[in-house]
Amino acid sequence: MKNLLKQTEAVLNQELFRQQKINQLLAKACFRDDVFNRAIFSNCTKKQKIEIVQTILRRILKKPGLIVVSVRYQKDLKELGAHSAVMDIVAIDGDGQKYNLEFQMSPPLSFARLETYSSFMIKASLRSGQEYSELKHTWVIFITNQRYWTDTKEKIFDSDPVVLYEICKVIDNQHGRRIRSTHSHLYVVDAL
């Protein structure tokens with residue numbers, strides 16, 4: 001009988017320990033965590049996924065009329081012989097514009113990474129045979145609690161929790177003329 005009680009007590013202690021671990025993980029859970037996001041998105045209907053992403057995009061971009069028609073979670077963009085990326089969420093609106101939401105739990109968040117993801121989005125938005133004039137706008141949005149860029153050590157946020165970064169390339173160094181990217185929009189959002 002004593003042996004049975006000891007075994008029962010051991011099982012109860014293991015279950016208590018397991019429940020404590022689960023509670024600790026849940027306390028740390030955050031919408032920016034891939035595991036947490038996967039759990040949410042795998043239990044949502046297509047309509048619910050669209051509503052969640054549409055709400056996030058409308059608030060960040062201040063576009064109350066934005067209509068999302070498609071959402072893909074964990075979109076894998078593989079490149080032969082080049083760097084690949086797994087995009088957290090890729091959405092498409094009614095006008096064919098593409099949005100990439102990236103949830104950053106921890107550093108490093110570099111401007112080079114933001115620019116690379118933007119390049120992936122631009123490349124993926126132009127199908128074979130399409131004219132360059134048909135290129136749609138792309139939006140890359142990183143949601144982070146990081147305060148400084150890891151590559152430049154510059155501050156990301158001042159007072160506004162949503163910052164738009166525009167890529168500006170020098171096209172004629174001799175005369176200092178510049179051209180702005182008109183199709184790529186880069187945002188960083190303060191998760192706090």
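Glu102 sits among a mixed set of neighbours in this predicted model: leaving aside residues up to four places away in sequence, Glu102 touches Val86, Met87, Asp88, Tyr117, Ile141, Phe142 and Ile143. The residue belongs to strand E3, which spans residues 98-103. Glu102 is buried, yet no salt bridge goes with that burial. The nearest side chain of opposite charge is that of Arg113, at 4.6 Å, and a salt bridge would call for a nitrogen to carboxyl oxygen distance within 4 Å. What the side chain of Glu102 does have is a polar contact with the side chain of Asn100, at 2.9 Å.

Just ahead of E3 comes Gln97, in the loop that links strand E2 (85-93) to E3. Loop or not, Gln97 counts as buried, because its relative accessibility is 11% and the cut-off is under 20%. Its side chain makes a polar contact with the side chain of Trp139, at 3.4 Å. Trp139 also turns up in the list of residues that Gln97 touches, along with Ala91, Ile92, Lys136 and His137, again not counting residues up to four places away in sequence.

One of the neighbours of Glu102, Phe142, leads on to strand E8, where its bridge partner is Val188. Strand E4 (residues 138-144) and E8 run parallel and are joined by seven bridges. E8 also pairs with strand E5 (residues 162-165), this time in the antiparallel sense and over four bridges. Val188 features here too, with Val163 standing opposite it.

How many of the residues of strand E8 (residues 184-190) are buried? Seven of the seven are, so the strand is largely enclosed by the rest of the structure. The cover extends to both faces of E8. On one side, Ser184, Leu186, Val188 and Asp190 are all buried, and so are His185, Tyr187 and Val189 on the other.

Stepping back to the whole protein chain, the secondary structure amounts to four helices and eight strands. Along the sequence these elements follow the pattern α-α-α-β-β-β-α-β-β-β-β-β. Of the 192 residues in the chain, 33% are buried. Looking at contacts between residues at least 6 apart in sequence, 57% join residues at least 24 apart. The accessible surface of the chain comes to about 12,800 Å², and carbon and sulfur atoms account for 55% of that area.

Conventions:
Residues are numbered from 1 along each chain as its sequence is written. This is a predicted model: local features need pLDDT of at least 70, side-chain atom pairs count only at pLDDT 80 or more; totals for chains, interfaces and linings use all residues. Side-chain values use heavy atoms; hydrogens and water are left out. Buried means under 20% relative accessible area, exposed over 50%, partly exposed in between (1.4 Å probe, protein chains only). Helices (H or I, at least four residues) and strands (E, at least two) are DSSP runs, numbered from the N terminus. Two strands pair if DSSP finds at least two bridges between them. Lys and Arg count as positive and Asp and Glu as negative; His and the chain ends are not counted. A polar contact is a pair of N or O atoms within 3.5 Å; within protein, one must be able to donate a hydrogen and the other to accept it, and residues adjacent in sequence count only if both atoms are side-chain atoms. Contact means heavy atoms within 4.5 Å. Accessible areas come from the Shrake-Rupley method with a 1.4 Å probe; for residues, only the protein chains shown count as cover.
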